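Please open the model in your viewer and keep the selection tool at hand, since each stop below begins with something to select.

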4 protein chains.
Amino acid sequence: MIRAAIVGATGYTASELIEILLRHPDVTVTQVTSRQEDRPAISDVHPRLRGRLDLKLEPLDVDSVRKNADVLFSCLPHGASAEIVSTVLDGKIRAIDFSADYRLQNLATYEKWYATKHPDPNRMGKAPYGLGEFFADQIVDAEVTANPGCYPTSAILALAPLLKADLIAPDDIIIDSKSGVSGAGKKLAPAFLYNEVNENIAAYAVGEHRHTPEIAELLSTISGKSVSVIFTPHLAPMTRGILTTAYSKPTTEASAGVLLDALRDHYAGHPFVRISPDLPATKHVAHTNFCDITVRRVEDRIVVISAIDNLIKGASGAAVQNMNLMFGFPETTALI
Amino acid sequence: MIRAAIVGATGYTASELIEILLRHPDVTVTQVTSRQEDRPAISDVHPRLRGRLDLKLEPLDVDSVRKNADVLFSCLPHGASAEIVSTVLDGKIRAIDFSADYRLQNLATYEKWYATKHPDPNRMGKAPYGLGEFFADQIVDAEVTANPGCYPTSAILALAPLLKADLIAPDDIIIDSKSGVSGAGKKLAPAFLYNEVNENIAAYAVGEHRHTPEIAELLSTISGKSVSVIFTPHLAPMTRGILTTAYSKPTTEASAGVLLDALRDHYAGHPFVRISPDLPATKHVAHTNFCDITVRRVEDRIVVISAIDNLIKGASGAAVQNMNLMFGFPETTALI
Amino acid sequence: MIRAAIVGATGYTASELIEILLRHPDVTVTQVTSRQEDRPAISDVHPRLRGRLDLKLEPLDVDSVRKNADVLFSCLPHGASAEIVSTVLDGKIRAIDFSADYRLQNLATYEKWYATKHPDPNRMGKAPYGLGEFFADQIVDAEVTANPGCYPTSAILALAPLLKADLIAPDDIIIDSKSGVSGAGKKLAPAFLYNEVNENIAAYAVGEHRHTPEIAELLSTISGKSVSVIFTPHLAPMTRGILTTAYSKPTTEASAGVLLDALRDHYAGHPFVRISPDLPATKHVAHTNFCDITVRRVEDRIVVISAIDNLIKGASGAAVQNMNLMFGFPETTALI
Amino acid sequence: MIRAAIVGATGYTASELIEILLRHPDVTVTQVTSRQEDRPAISDVHPRLRGRLDLKLEPLDVDSVRKNADVLFSCLPHGASAEIVSTVLDGKIRAIDFSADYRLQNLATYEKWYATKHPDPNRMGKAPYGLGEFFADQIVDAEVTANPGCYPTSAILALAPLLKADLIAPDDIIIDSKSGVSGAGKKLAPAFLYNEVNENIAAYAVGEHRHTPEIAELLSTISGKSVSVIFTPHLAPMTRGILTTAYSKPTTEASAGVLLDALRDHYAGHPFVRISPDLPATKHVAHTNFCDITVRRVEDRIVVISAIDNLIKGASGAAVQNMNLMFGFPETTALI
């Protein structure tokens, strides 16, 4: 039985994380912390948890975390997260960081896109990118795992095997993603009010979304090629789910069947990725850790489409998958 | 051609009001004001209005309003609204107040439920309640018309004729209402975030909603009886619409057919109320000024059900209906 | 490890049931049947199940079911269900029936409200009503358990303890329920198209819903009083969830606190019912087997409000809870 | 005052059309027809119309239509529509066809994509394409106007001026569109049930949607270039609205500002197209005849984004705009 502490426990990803951990036979949640002054029980903040986890929220105390936890899940925003994680790590406790702080290898890219100094630059490039389908070997031994971004998860799972297998061109990739609103967290902004979101779809952050360099860097790392992407996120009127439609140029005459097989080959032994000739839909993966993917040839393009639940495979499910790898539990425990 | 000024023009009801007024052949919107420091064009706040009304928001200036407007629509919250309305009125300009300030006749009831001093107590009881189906005679000559609350509109239209005709008992009425979220306006509170509202239904303000005394007082005034009600509002996952299901005790053996006829008789000549044996649905009245009503006998109860669009018949449509009455235009202009 | 067969496996409740059973450590799903001619894999009908349960749908074969299953879940409609259940039962296999066929004790009531002959009248009254919070003792030994209706679950859990404790009057109860659309199953009717449901709320089957006698009979049985109810269901624009707002007359001066305690006392030891002074919301129980309940005094009424997920506590979760009781597993296995 | 007959009046586009025509000062709806045997009043089919248009649905009678109408709106599906339109036309009555039958110039393209013989091939290429922003001159005199498809409207308005002005390459265009479900009409298919659509987003008809040749042909006609497109439609969980995100290659160094000006220049004098540097959203154009467009440069691509209401600018609003042009009314009558 390992003990888990959750830092920044008042948001949606923490709520999902706790629900998964409560089903995990080998984990106990021992601490939940919040930076807010007012600290009720976690189940007052997330009424879904009533009677299931009624721990009181605490201020973060480094000694207490080290004493009471084997694994730290940090659900803090970037900047704040690496600061806390780097402070808590003591050679024994291990961490899974939901923020972007350890995802990129390149410090300059981080500081440009996130417009902040990195609080723990020495660990950048040492934390594996927490996509078990590609980096399980490194995650197993990691002190810190960088939990992937939601959009990058949907895009990388769809495109990386085809890039690696030289089936699509690395320099002409358009990624058009549609996300539910929980991706924005509990942020109190007019744009996220029900009346603004309901019956509405719109693009946002066109050409400027911070997941763009994450997608490009990871696709490059995995494929060994210099990959560039155009990435356009959209907000769809739903709570959860990301559908990514990616357009690329073929480098061969390979048919859709061959492309599907390339994906199937890559994901053999990876139970959370399901390849099918059928078109994916976010509803088919909602509340699960699955990523459904298909690929089609349309005229002179290859269209790859993937669906995930942004809160599960795009956040808290992936975090537990990483924890399972790091602590030697079966990868699917509490997730299927 | 009359000139309209809108005070508090950044909210949803103002946006709907402007769209209706833009279709009105006899009205020009000449001023839109906001208490916010930052004052862009009204069409920047409400992008729906781009190219249709690009007036710049102004701070409220009493002299300017008096000089530029024949009618003032106040979309301010209670307290603030009567303060402004009472300051602007000068014997020439006329006003329609969206707030609760002039709806109640009883000052003590107002001050108890709204927990504030009334800024213009002398005008209470002199402003007619702006439900044209009952108070058209007074509205025609009003200096200020008190635009009704959204829930009260749905409840009073459903119940008042039956109470007046002695068909239901005045002392055993339960009103269970379901509203879309636009009723809360643009209020930035966690409860109104998309993720909290979507796929959710809940009661709120049980036994404490401020529309309770409004419903009871108006039903009493119209019927000449002492009416008491239990009122429970619910938030439904939709932007607009109120469905009210009201349970009362019959005082006669009258069949559903007789009850329907009583409603039809009362609303003859009132084009915005549609009586039908079919069950109403908010979708049938969305974006219209209609109120659909039916009535059924169920065991020892009479169930009356009504549907309105809370932003139109429950707010901005009713305001234009009142303006039409006050200025001698056909009641339905710009509304059908 | 027990073996489960699911009859009528193409609907929403079967899909939810399978997802729960897949998490159950002591159950294997061995058979899924469908009356449709075209029988693909169950995961073609429910793409969520891909890679998790890919059994081929079969026609119902009594011998095969008896040989391959210890428990039969019947997700067939009323009439059809009892016909199959009564045919399959052989003294060894046990059944949980999702239909209304075994819920009522009174044959005449059944035949009046369901307008059909009962195919297995001798078993009526012998199958316990599958609400573990009241009938666990009988369920433990049952050959057939009658899985409760969704609306009745929400209403009975809210009202029965207060009736039993003589805290509310049995003859003046109004039940106003709001349900998500999955309650209608996958029925292909215009009323259930997205465009008709979205942004819409309406009452239906006013005074005529078949759950009315089920609620009244069970409340009477549990309380030992003759209980009559007015029941009005509404369709809300959401997939899952039922919120029930029940209005009743107090028989004592008991405060809300006392009423809450009466509920807490009754549900002590019943982990799926959560009593709180806070107002319930369907979102707090979505995808769970919980029922959240509160009670308030409003003027001369007692208002009890409950929330469930109609597909889980109102159907498939309750079925697994019943199975757990029948087969001696901990009541919460696979459900928390 | 002109008289309008509506053929195929039971669908969503007919309902929207009637609501617009009821606001038109110069039009009376004189006939509504349906192929269904059961013909109640149009307001029984569309309860929104109660008390506003209670005409009885009639079977189509050619003589009656000719006698009672000056303009025929055909809301029938392709194939059926041209058959009726060609039968009714007599040199006096004029028609607006909502189907695809007269949109394409090329018969072979039509017969390939629609897999049917064209019932009126001689009129193909003679009916102008009903996009007033490009073909007003021809529409003014048309006997039949081919009302555009919803996706093509959103794509052509976004791209045509840039193609015409040689600002983007004609052979590398990707169109990713997201539509509300009303685009599917009232079709009774499982895919359009609320439970399937809600909280779901998915692509469909990838590489196979019939609007693909319509977009390519019209862009080619307008620009005088051979334009090819990849078009991927998606179903979003909302009733109305289309957002189109189009990716193309620049042919010049023109900045976003220059591109915006090119769009503004083209649409000067066309009140329904609004060009802005801000990102469009379907909510800003819902229930209006507007198309909002912006354009951005992102890396080596030009991204053009447009938003329309598929039922208004994408169908019934465009039809009335066409009627206004054909009959000499101001283009915006009943539409602003």
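Begin with chain C and select E4(C) together with strand E5 (residues 144–146), two strands that pair in the parallel sense over 3 bridges; strands here are DSSP runs (E, at least two residues), helices are DSSP runs (H or I, at least four), and both are numbered from the N terminus, while two strands pair if DSSP finds at least two bridges between them. Within this pair, Ile96(C) stands opposite Thr145(C) in E5(C).

A note on what is displayed: this is a predicted model, in which local features need pLDDT of at least 70 and side-chain atom pairs count only at pLDDT 80 or more, whereas totals for chains, interfaces and linings use all residues. Residues are numbered from 1 along each chain as its sequence is written, and chains are lettered from A and ligands numbered from 1 in the order in which they are written.

Next, add strand E3 (residues 71–74) of chain C, which runs parallel to E4(C) and is joined to it by 4 bridges, with Ser74(C) opposite Asp97(C).

Now colour E4(C), residues 94–97, by burial: Arg94(C) and Ile96(C) on one side, and Ala95(C) and Asp97(C) on the other, are all buried, that is, 20 or more other C-beta atoms, placed from the backbone, lie within 10 Å of their own.

Finally, show chain D beside chain C, where the contact takes 14 residues from each of the two chains, two residues being in contact if their C-beta atoms, placed from the backbone, lie within 7 Å. On the side of chain D, helix H8 (residues 194–197) gives the most, with 3 residues.

Definitions and conventions: A residue is buried if 20 or more other C-beta atoms lie within 10 Å of its own, exposed if 12 or fewer, and partly exposed in between; C-beta atoms are placed from the backbone.
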